[in-house]
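Let's take a walk through this protein together. Have a look at the whole thing before we turn to the details.

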Amino acid sequence: MRAIPTDRGACPFDPPAGMADEPLSKVRLSNGDQVWLVARHDLVRQVLGDTRFSSEIDGGFLDVPLHAVQPQPGMFIQMDPPEHTRLRRLLTGRFTVQRMQRLRPRIEQIVTERLDALERAPRPADLVAEFALPIPSLVICELLGVPYAERAAFQEAGTRLLTLTGTQEELEEAMMRLGGYLAELIARKRAEPGEGLLDDLLDSGLSDEELVGIAILLLIAGHETTANMISLGTLLLLQHPDQLALVRQSPEAARTAVDELLRYLSIVDVGMFRRASTDLELDGQIIREGEFVTCSLAAANRDPALLDRPEELEVSRPKAPHVAFGFGPHQCLGQNLARLEMEIAYPALFRRLPGLRLAVPLEKVPFKSDMAIYGVHRLEVEW
């Protein structure tokens, strides 16, 4: 039985080699456990849309860090209905397109301020530290009501929770440290409420433990994913100057480009596991009750049945029904915010710094092959 593919081979922007060799196959994790790997677009949507493939998993999957530790109260990404429905319903209306658009002026201001800081930074500058990471971090902190000055408390722990090389003890310690910080923050808010989503939820009937779990999920998902998309998407566009020129053209072109970049890069690939809650048929194969399934979002997004020439980057192509944000009841809650941040950040960066270029050869860029969310650790640039 083959191991789950992880080697990205010659091109760091492509899914791991061999990921899409079979639409449905048994693979071996690093700890020896066997799981079903789903790699075809229609099958991925079938699994993610069917709640009989349960999200309630007790932990122990070191290959997928968030599943390495026991689920926390409030972390609805690891829950099934009705608990998942109860918690997600409290948040869905706060992440609509209309509500996110109200944040546009503030996000534009943050992007401008970070470009000012980037221009002042010594060269070569690290685009991750100066631009890609601060933008979503500032936005999610303001949205939730988390002091940005205290970002080290959650960024370091969040990074440790997403590593693929940590031990069970290290991951549990990181979860405890992050949970401890957020419990203390929520206690402060109960004593003196401020402005932010967490403050709004204080009187929603949630326990403090549930508030902590929600905050962990939103903080990590709200900055790690978008930060990696901004930096990795920038690097990809620098390799495709013809596509970059289209992104620079207009806000409409940038909006179209964002979904193509999301599809093409699929930075969250096999991050979430599912457990069959009963015997289920998938593509003619019986998945037995209790067996585990993981979906390759990257392979699904390069499926030839999804669109023509899926291996090519075409930022002007019509939006395809990709699964970069997942699918079904657990589809990413913050996708409207992530899209907006990228729609603003990419064209602003390339218009402000038209001579932006890599300061090191592509093969010297440190890619995040050791993390559950793909990207780059650093991106040294000149202009």
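**Starting at Arg190**

Let's begin at one spot: Arg190 counts as partly exposed, since its relative accessibility is 36%. You'll find Arg190 in helix α8, which covers residues 168–191. If you skip everything up to four places away in sequence, Arg190 touches Leu202, Leu206, Asp208 and Leu211. Take the last of these: Leu211 sits 21 residues from Arg190 in sequence, and their C-alpha atoms are 12 Å apart in space.

Now zoom out. Keep in mind that this is a predicted model. The protein has 14 helices and 10 strands. Its C-alpha trace spans about 55 × 55 × 40 Å along the principal axes. Is that what you'd expect of a compact globule? With 383 residues, such a globule would have a radius of gyration near 21 Å, and the protein's 20 Å agrees with that. Of those 383 residues, 53% count as buried. Contacts tell you about the fold too: among those with a separation of 6 or more, 70% are between residues 24 or more positions apart. As for the outside, the protein exposes about 16000 Å², and carbon and sulfur atoms supply 50% of that.

Next, step inside. Helix α6 (residues 134–144) has 10 of its 11 residues buried, so the rest of the structure largely encloses it. Among the buried ones are Ile135, Leu138, Val139, Ile140 and Cys141. Just after α6 comes Gly145, which takes a positive phi of about 90°.

Another hidden spot is Ser231, in helix α10 (residues 208–238). Ser231 counts as buried because its relative accessible area is 1%, and the cut-off for buried is under 20%. Which residues surround it? Leaving out neighbours within four places in sequence, Ser231 is in contact with Val128, Ala132, Val376 and Leu379.

Now for the charges. There are 41 positive and 56 negative side chains, and the centres of the two sets lie 4 Å apart. Side chains of opposite charge can pair when their charged atoms come close. Here the count comes to 27 salt bridges.

Look at a few of them. Arg52 and Asp50 form one, with their closest N and O atoms 2.8 Å apart. The two partners differ in how covered they are: Arg52 is partly exposed at 43% relative accessible area, whereas Asp50 counts as buried at 17%.

Helix α4 (residues 104–120) holds both ends of another pair, Arg104 and Glu108, which are four residues apart, or about one turn of the helix. The closest N and O atoms of Arg104 and Glu108 are 3.7 Å apart. Arg104 is partly exposed, with a relative accessible area of 22%, and Glu108 also counts as partly exposed, at 35%.

Further along α4, Glu119 forms a salt bridge with Arg352, with 3.0 Å between the closest N and O atoms. This pair links distant parts of the chain: Glu119 is in α4, while Arg352 is in helix α14 (residues 335–352), 233 residues apart. Glu119 is partly exposed at 35%, and Arg352 is partly exposed at 29%.

Salt bridges can also be chained together: Arg40, Asp42 and Asp283 are linked in a network of them. Asp283 is worth a second look. It lies in the loop between β6 (280–282) and β7 (285–287), and it is partly exposed, with a relative accessible area of 40%. What is the sign of its phi? Asp283 has a positive phi of about 55°, although it is not a glycine.

That brings us to the backbone. Most residues other than glycine have a negative phi, and most peptide bonds are trans. Arg309 is another residue other than glycine with a positive phi, near 50°. Arg309 lies in the loop between α13 (297–301) and α14.

Finally, look for cis peptide bonds. The bond from Pro81 to Pro82 is cis, with omega near 5°, and Pro82 is found in the loop between β3 (53–54) and α2 (83–92). Arg123 and Pro124 are also joined by a cis peptide bond, with omega about 0°. Pro124 has its place in the loop between α4 and β4 (125–126).

Conventions:
Residues numbered from 1 in each chain as written. Predicted model: local features only at pLDDT ≥ 70, side-chain atom pairs only at ≥ 80, totals over all residues. Heavy atoms only, no water. Helix = DSSP H or I, 4+ residues; strand = E, 2+ residues; numbered from the N terminus. Rg over C-alpha atoms; globule rule 2.2 N^0.38 Å. Buried < 20%, exposed > 50% of the residue type's maximum accessible area, 1.4 Å probe, protein only. Contact = heavy atoms within 4.5 Å. Areas by Shrake-Rupley, 256 points an atom, 1.4 Å probe, with all protein chains shown as cover. Lys, Arg positive; Asp, Glu negative; His and termini not counted. Charge placed at Lys NZ, Arg CZ, Asp CG, Glu CD. Salt bridge = Lys/Arg side-chain N within 4 Å of Asp/Glu carboxyl O.
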